Every structure is written in C-alpha cells, then in structure tokens.
Amino acid sequence: MAKLSQEQMNQYFIYHSPIGKISFVFKGGFLVEVKVDTEFACLPKCAATEAETMNRIQHEIASYFDGRLREFTQEIKFIKGTFFEQKVWLALKDIPYGETRSYQWLAERIGSPKAVRAVGSALKKNPLPVILPCHRVIRGDGTFGGYALGTATKKWLLHHEKSI
C-alpha cells in the first residue's frame, strides 16, 4: 500500500467553543471542512494539523469568540459542492460582521434572483459554518429561518455579533 503524502492527508484541529466542540479539517494547508459537535472518524490518513496552521486557526477562532475578530483570513478550499453551491458559500463573505441579509439578497448577489430556495438548500450544505457566516442569512420578514447547526446556535451567533 502506497504511503499518503502530507498534501493528500487530511489534518484536523479541535477547538472547544461556546457553541460546542468545533472540528477544523485541513487538506494541503487549506481549511476544507468545519463541524460542530460532531466526532470525526479520523482514520490513519488523518494527522494532527501542522503547528503553523493550527496556531493560525486557533488564534482566529478564539479571537472571534472573544469578540476581537470580525473576518477570518484562514485560506479555504472547496472539495465538494456544485458550482452554484460554491458561489453561494463565497457570497457569504460579503455579509458584514454584525449584520444580516435575506435569502433573497443572497440569491440576487450571485445573479440568480429566482433561486431563493436553492440558496437555502446550498446554505444547509455549507462545509465551513462560522467561517463562511451562513448564520447571518435570515428570512425576508426578519425571522431567523433555519440553520444546519440549529436555531439556538444561530441565535447565539447573531447575538454574539450583536445583529439582534
């Protein structure tokens, strides 16, 4: 059996946050997935994250939860998702810290004003919650709407950013 190179190997870092245990998964130095309160089945192909990468994400996520960081700079890479979903996820970066936008606004932002439901479906699949702030997307009538990590977590994050 061929040995996997560092580039091929997934790496991970776990952070205990106010919203639960957050697992950050890296591939080739890029953040590729974030899971909250989920155990990763890290098989032999997983290894602890390189110190430099771990220090960066640890500093950024701690600063976010301390209220000192408003925008993540960690390099990301999508390893799944359709072109449409990836467009939706990237557009989340355009929602300023402490503010919310509607699903309709997001659909218009990506040039698909009639795709509001598809936008909602894409947000459910966001592989990088918190980093790509899907919690900042609410219904047009101002109500919360859904959230893959639960509405209590969405409310907590919005309150933390003082959006509500």
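Two strands are said to pair if DSSP finds at least two bridges between them, and the helices and strands themselves are DSSP runs, numbered from the N terminus, of H or I over at least four residues for a helix and of E over at least two for a strand. The structure is a predicted model, in which local features need pLDDT of at least 70 and side-chain atom pairs count only at pLDDT 80 or more, while totals for chains, interfaces and linings use all residues. Residues are numbered from 1 along each chain as its sequence is written, and side-chain values use heavy atoms, with hydrogens and water left out.

Strand 1 (residues 10-17) and strand 2 (residues 20-27) run antiparallel and are joined by 8 bridges, and the hairpin that leads from strand 1 to strand 2 passes through 2 residues. Within this pairing, Tyr15 has Ile22 of strand 2 as its bridge partner.

Tyr15 also leads to the aromatic residues. A pair of aromatic rings is described by the distance of the centres and the angle of the planes. Here rings of Phe, Tyr and Trp (its six-membered ring) pair if their centres lie within 6.5 Å, and planes under 30 degrees apart count as stacked, over 60 as edge-to-face and the rest as tilted. By this rule the count comes to 7 aromatic pairs. One of them, formed by Tyr15 and Phe65, is stacked, with 6.4 Å from centre to centre and 10° between the planes. Because Tyr15 lies in strand 1 and Phe65 in helix 1 (residues 51-65), this pair ties together parts that are 50 residues apart in sequence. Tyr15 is buried (buried means under 20% relative accessible area, exposed over 50%, and partly exposed in between, with a 1.4 Å probe and protein chains only), its own relative accessible area being 15%, and Phe65 likewise counts as buried, at 9% relative accessibility.

Another pair, that of Phe78 and Trp89, is tilted, with 5.2 Å from centre to centre and 55° between the planes. Since Phe78 lies in the loop between helix 1 and helix 2 (83-91) and Trp89 in helix 2, the pair ties together parts that are 11 residues apart in sequence; both Phe78 and Trp89 are buried. Ring pairs also link Tyr15, Tyr64, Phe65, Phe72, Tyr97 and Trp156 into a cluster.

Trp89 appears again in the surroundings of Ala122, a residue of helix 4 that is buried with a relative accessible area of 1%. Leaving aside neighbours within four places in sequence, Ala122 is in contact with Phe84, Glu85, Val88 and Trp89, where contact means heavy atoms within 4.5 Å. Ala122 and Val88 are 34 residues apart in sequence, yet their C-alpha atoms are 6.8 Å apart in space.

In helix 5 (residues 151-160), the buried residues are Thr153, Lys154, Leu157, Leu158 and His160. They cover an arc of only 160° around the axis, so they lie on the same side of helix 5; the arc is that of the directions from the helix axis to the C-beta atoms. The face of helix 5 turned away from this buried side carries the exposed residues Ala152 and His159.

Two backbone angles remain. Most residues other than glycine have a negative phi. Val130, although not a glycine, has a positive phi of about 75°; this residue is placed in the loop between helix 4 (116-124) and strand 6 (137-138) and counts as buried at 3% relative accessibility. Lys162, just after helix 5, takes a positive phi of about 60°.
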